[in-house]
Amino acid sequence: TSAQPAISAKNAATGLAFYDPSQARFVALLRLFQDIGGISRRAISVAYSSDFVTWTEPQPSLASDTQGDLISQGQRYAYTDIYYLSILPYAGQYVGFPEIFQHLGRPNEPGANDGLFDIEVAFSRDLQTWKRDDRQPVIVHGPAGSFDAGLVLVAPQPIVVGNEIWLYYAGLDGSHLSRSRRGYVAVAKWRLDGFASLTNGG
């Protein structure tokens, strides 16, 4: 065994590692901080390994952008992070379900690290260049008083059940910094080939 970390990255947090048969290697998706638009934000980076022991240096994968910020600000939020990424290798590409952290305030303002989460969809062929034409959430946090009024936290990977894709998620009824929130488990479902017009079926 080795006392050295498999992947060295500053401020790394939640991540997902899996074997990708299409690339014949392991993939790690890590949540790191990147400077985007003058703000240090959570974003997704990717690293690779042939043996799950030696890994490449993490490279940027999926991050917030100006379009996401403008949409968020139109809903009276301040800016966005990518908090986590659920991933499904599918039909020769990757379907991603990023958790969009919508901050209530800018850095050094009230609500800077508080806010609500929605889930969007993104597509990639190499895990580094993503197509996000439709920014409409596919899972939206619920109205006040509902079981998922605050956060929607997705499982690491959707599963295929018959002719449907199921994505389990935790719904929390409080915001990111809430200390009194409660959590519940739910599932969203889509038809197997329905990504062109994704609509929450759950």
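A residue counts as exposed when its relative accessible area is over 50%, as buried when that area is under 20%, and as partly exposed in between. Keep those cut-offs in mind for the views below, which all come from a predicted model.

**View 1. Alanine 91, out in the open.** Here's a residue in the loop between β5 and β6 (93-103): alanine 91. Its relative accessible area is 64%, so alanine 91 is exposed. The backbone has a quirk here too, since alanine 91 is not a glycine and still has a positive phi of about 55 degrees.

**View 2. Leucine 127, tucked away in a loop.** Leucine 127 also isn't a glycine, and its phi is positive, at about 70 degrees. Look for leucine 127 in the loop between β8 (122-124) and β9 (130-131). Is leucine 127 buried or exposed? With a relative accessibility of 0%, leucine 127 counts as buried.

**View 3. A salt bridge between two strands.** Side chains of opposite charge can pair when their charged atoms come close. In this view, aspartate 81 and arginine 42 do just that, with a salt bridge of 2.8 Å from N to O. Aspartate 81 sits in strand β5 (residues 79-90) and arginine 42 in strand β3 (residues 39-49), so this pair ties together parts that are 39 residues apart in sequence. Aspartate 81 has just 1% relative accessibility and therefore counts as buried. Arginine 42, at 9%, counts as buried as well.

**View 4. A salt bridge out on show.** Aspartate 133 and lysine 131 form another salt bridge, and their closest N and O atoms are 3.6 Å apart. Both partners are out in the open: aspartate 133 is exposed, and lysine 131 is too.

**View 5. Aspartate 173 meets arginine 182.** What separates the closest N and O atoms in this salt bridge of aspartate 173 and arginine 182? The gap is 3.1 Å. Aspartate 173 has 22% relative accessibility, so it counts as partly exposed, while arginine 182, at 53%, counts as exposed. If you'd like to hunt for others, the structure holds six salt bridges.

**View 6. A nonpolar patch on the surface.** Which residues make up this patch? The members are Ile159, Val161, Tyr168 and Val185, and together they have about 350 Å² of accessible area. Zoom in on valine 161, which belongs to strand β11 (residues 159-161). Its relative accessibility is 32%, so valine 161 counts as partly exposed.

Terms used:
Residues are numbered from 1 along each chain as its sequence is written. This is a predicted model: local features need pLDDT of at least 70, side-chain atom pairs count only at pLDDT 80 or more; totals for chains, interfaces and linings use all residues. Side-chain values use heavy atoms; hydrogens and water are left out. Patches are made of residues with over 30% relative accessible area and no salt bridge: like charges are joined within 9 Å, nonpolar side chains (Val, Leu, Ile, Met, Phe, Trp, Tyr) within 5 Å. Accessible areas come from the Shrake-Rupley method with a 1.4 Å probe; for residues, only the protein chains shown count as cover. A salt bridge is a side-chain nitrogen of Lys or Arg within 4 Å of a carboxyl oxygen of Asp or Glu. Helices (H or I, at least four residues) and strands (E, at least two) are DSSP runs, numbered from the N terminus. Buried means under 20% relative accessible area, exposed over 50%, partly exposed in between (1.4 Å probe, protein chains only).
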